[in-house]
Every structure is written in C-alpha cells, then in structure tokens.
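Subject: A model for you to look at

Hi there,

Here is the structure I promised to send over. Have a look at it first, and my notes on what turned up follow below.

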Amino acid sequence: MALFSRWMLVGIMALLPVVGHALALGKLKVLSALNEPLNAEIEFTSITDKELKGLSVELASRADFDAAGVERLPFLSQVKFVVEQKSDGRHFLQLRTDQQIDEPFLHLLLQVEWPGGRLVREYTALIDPPYKIAGNAAPVETPVVTPPAPEPVPESARVVVPARR
C-alpha cells in the first residue's frame, strides 16, 4: 500500500506542471496612427480571476529598460494601462495616451505583477501614418496631359485614291 501511495504521489506531481496556469500576454495591436493619441491593445492569452484581482500593470523600471538595452523615451511615461473585457469575455490590456504620439517607432517594456508572480515583457511596434490605418493610400492627383494639336498635312504629301466604280 505504501508503494502504491508513493507512485500515486509521483504521478500527481508529474501532472502539476501541466495543470498549472500562468498569466500570459499576447501581441501588441496598435489601433491609432502617427500624430494621434496612442490607442493599442494587448490581449491576455491566459489569465485567471485570481490573477485579475491582484493585477498591476505599469511601465517597467528604468533599471529594467537599461538591462534590456532599450531607451526609455519621455513620452512613454504618458501611457496609461487599463484592463478591459471584450463582449466575448476575453480580457485585454488597453494602452492609451492623451497626447499625440509623434514617434513612428514604439518600443517599450511592460511590468505586470499579480499575486502569483511578476513579468517584464518587451513590445515593439511601428506606428503607421493615418492614411495606412484607413486602408486607403493618400490621394494622388493624376496629371492631365493634353495631346499636341495635329500638324496640317502639306498638299504634296496627300495621296488621292480614285473611287472604285
């Protein structure tokens, strides 16, 4: 019986990492354009209600930026992080600024803390100009070319074809 209990315990311990659940973040999706206030989303690919209750999201520390070799640009301190829920029940992290973003390259480190741990994640995105966000190219006027007026044909160059009878 003791041998069976020991094997049962080993089996349960082997399954624990498979059953374990950890907070995970998805890709950054930028919804705004250059020279507009930032509007972006990061979906939580894995999160529990317990993790949501104690969740804290902020820009990573200056030390984390230095360790990652990433410049901490001043405008990044304006980014506000809010956890939202979509109509289908999935949670995502909303990133917003009140001021427009003039930098076409967004490179930041997020620090996420919850009761079960801490995560620092790096995100990079290229912020497109407004016409690319709308899906239409910037309007381009087609040049108007007027053909030159035909030159008159001299009398000597004219060919007269007799009519057939």
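To start with a small puzzle: is glutamate 113 buried, partly exposed or exposed? At a relative accessibility of 33%, glutamate 113 falls in the partly exposed class. Please keep in mind that this is a predicted model, so the values here are computed from predicted coordinates.

Glutamate 113 also has a charged partner: its side chain meets that of arginine 118 in a salt bridge, with 3.6 Å from N to O. Arginine 118 is partly exposed as well, at 47% relative accessible area.

First, the overall picture. The protein has four helices and seven strands, and from the N terminus the order of elements reads α-β-β-α-β-α-β-β-β-β-α. Of its 165 residues, 27% are buried. Among contacts with a separation of 6 or more, 57% join residues that are 24 or more positions apart. The exposed surface comes to about 12,200 Å², and carbon and sulfur atoms account for 57% of that area.

Now back to the charged pairs. The count of salt bridges is six, and one of them links lysine 86 with glutamate 41, whose closest N and O atoms are 3.5 Å apart. Lysine 86 sits in the loop between β4 (80-85) and β5 (91-100), while glutamate 41 belongs to strand β2 (residues 37-46), so this pair ties together parts that are 45 residues apart in sequence. The two partners differ in their surroundings: lysine 86 is partly exposed at 28% relative accessible area, whereas glutamate 41 is buried at 16%. The cut-off for buried is under 20%, so glutamate 41 meets it.

Another pair worth opening in your viewer is arginine 90 with aspartate 88. Their side chains form a salt bridge with an N to O distance of 2.6 Å. Arginine 90 is partly exposed, with a relative accessibility of 37%, and aspartate 88 is partly exposed too, at 48%.

Which residues are linked with Asp88 and Arg90 in a network of salt bridges? The answer is Glu43, which joins Asp88 and Arg90 in that network.

If you want a place to begin, try the salt bridge between lysine 86 and glutamate 41, then go on to the network of Glu43, Asp88 and Arg90.

Happy browsing, and do send me your thoughts.

Best wishes

Notes
Residues are numbered from 1 along each chain as its sequence is written. This is a predicted model: local features need pLDDT of at least 70, side-chain atom pairs count only at pLDDT 80 or more; totals for chains, interfaces and linings use all residues. Side-chain values use heavy atoms; hydrogens and water are left out. A salt bridge is a side-chain nitrogen of Lys or Arg within 4 Å of a carboxyl oxygen of Asp or Glu. Helices (H or I, at least four residues) and strands (E, at least two) are DSSP runs, numbered from the N terminus. Buried means under 20% relative accessible area, exposed over 50%, partly exposed in between (1.4 Å probe, protein chains only). Contact means heavy atoms within 4.5 Å. Accessible areas come from the Shrake-Rupley method with a 1.4 Å probe; for residues, only the protein chains shown count as cover.
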